[in-house]
Amino acid sequence: LAASSGAGPSKREKAEKMGRSAITELFAFVDASVDLAQGLRQPPEWFDLLDAVQDGATQGKNGSEGVHVVCDAVPTDLALFGPRAQVVLLIANLIRNAVQAATRADVEIAIGCERAPTNLQPGDVTDADDDCDLTEVWLLNVDDNGPGVPVERRARVFSEGQSYRPGGRGQGLAFVRQVVERDLLGSVSCVASPLGGARFEVRLPASSVRRGSIGADHTEPST
């Protein structure tokens, strides 16, 4: 028995190795997708937000076992104005970030979107156009139950080249910030999550989000 037990890796070791291999392939796939998306910018359009979030979640968790993504808190009637392909990759990168940071077998991720007030009041001096309402924003939140991000690192995680995993390129979250700021005219931050891990909070201008089905009445928002 002793000889046979040392003859080769156990089933558990084989499973763990396969799991690590699948995650490595997933990271490589998303990194390649980021490279492609950076070179091919899609023109903005109105698209169904929940549909894009679900596509991003599918891409982000593909090949990773024990990853559970819940999108129930994203309203079913929201349309977002922006480049859909980049938004899908944005969600995929946030999912990937949660997977790579996980220290447990079961990874719980919750995605939600809600309207929230800002600290600005009508008439406050801003560099935005007069028609752009900055008194409210839409918050697109991605929460996970991982170890979280230390306070002192939260601002730096979005900088290109900043990675906290061996062999990481530090492009995923930098890409997220680029899409949010350049293509969606919003902002992104990292805070503590009610699930115990990290929350990535994307703040979207109220003018870029509409309720109702996508149709001819959806015109380009004022910026």
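## A tour from strand S4 to the sheet S1-S3-S8

Begin by selecting His-68, whose bridge partner in S4 is Glu-108. The model on the screen is predicted, and every stop below should be read with that in mind.

**The pairings of S4**

Widen the selection to strand S2, residues 67-73, and strand S4, residues 107-117, and 5 bridges can be followed between the two, which pair in the parallel sense. Next add strand S5, residues 136-144, which is joined to S4 by 9 bridges and runs antiparallel to S4. A useful residue to pick out on this side is Ile-109, which stands opposite Asp-144 in S5.

With these strands still displayed, colour the two cysteines Cys-71 and Cys-113. Cys-71 has a relative accessibility of 12% and therefore counts as buried, and Cys-113 is buried as well, with a relative accessible area of 6%. As for disulfides, a search of the whole structure finds 0.

**Asn-97 in helix H4**

Keep Asp-144 highlighted and add Asn-97, which lies in helix H4, residues 84-101. Computed along the sequence these two residues are 47 positions apart, whereas from C-alpha to C-alpha the separation of Asn-97 and Asp-144 in space is 9.6 Å. Is Asn-97 buried or exposed? Its relative accessibility is 14%, and because the limit for a buried residue is under 20%, Asn-97 counts as buried. Once its neighbours within four places in sequence are set aside, Asn-97 is in contact with Leu-173 and Phe-200.

**From Phe-200 to Phe-158**

Phe-200 leads on to the aromatic pairs, of which a search of the whole structure finds 2. One of them is formed by Phe-158 and Phe-200, an edge-to-face arrangement with 5.9 Å from centre to centre and 85 degrees between the planes. Phe-158 lies in the loop between S5 and helix H5 (172-183), while Phe-200 belongs to strand S7, residues 198-205, so the pair ties together parts that are 42 residues apart in sequence. Both Phe-158 and Phe-200 are buried.

**The sheet S1-S3-S8**

Now move to strand S3, residues 78-82, in which 5 of the 5 residues are buried. Showing the side chains separates them into two groups: Leu-78, Leu-80 and Gly-82 point one way from S3, and Ala-79 and Phe-81 point the other way.

Which strands pair with S3? The open sheet has 3 strands in the order S1-S3-S8, with antiparallel pairing. Its edge strands are S1 and S8, each of which pairs on one side only, and the twist averages 30 degrees from one strand to the next.

To follow the pairing residue by residue, select strand S1, residues 45-48, which is linked to S3 by 4 bridges in the antiparallel sense. Here Phe-47 stands opposite Leu-80 in S3, and Glu-45 stands opposite Gly-82 in S3. Helix H3, residues 49-61, packs on the sheet, where it touches S1 and S3, and the direction of H3 makes about 70 degrees with that of S1.

Finally, turn to strand S8, residues 209-211, which 3 bridges join to S3 in an antiparallel arrangement. Select Leu-78 together with Arg-211, its bridge partner in S8, and the tour ends on a residue of S3 that is buried.

Terms used:
Residues are numbered from 1 along each chain as its sequence is written. This is a predicted model: local features need pLDDT of at least 70, side-chain atom pairs count only at pLDDT 80 or more; totals for chains, interfaces and linings use all residues. Side-chain values use heavy atoms; hydrogens and water are left out. Buried means under 20% relative accessible area, exposed over 50%, partly exposed in between (1.4 Å probe, protein chains only). Contact means heavy atoms within 4.5 Å. Two strands pair if DSSP finds at least two bridges between them. A disulfide is a pair of cysteine sulfur atoms within 2.5 Å. Rings of Phe, Tyr and Trp (its six-membered ring) pair if their centres lie within 6.5 Å; planes under 30 degrees apart count as stacked, over 60 as edge-to-face and the rest as tilted. Axes are lines fitted to C-alpha atoms, for helices over the stretch in contact, and angles run from 0 to 180 degrees between N-to-C directions.
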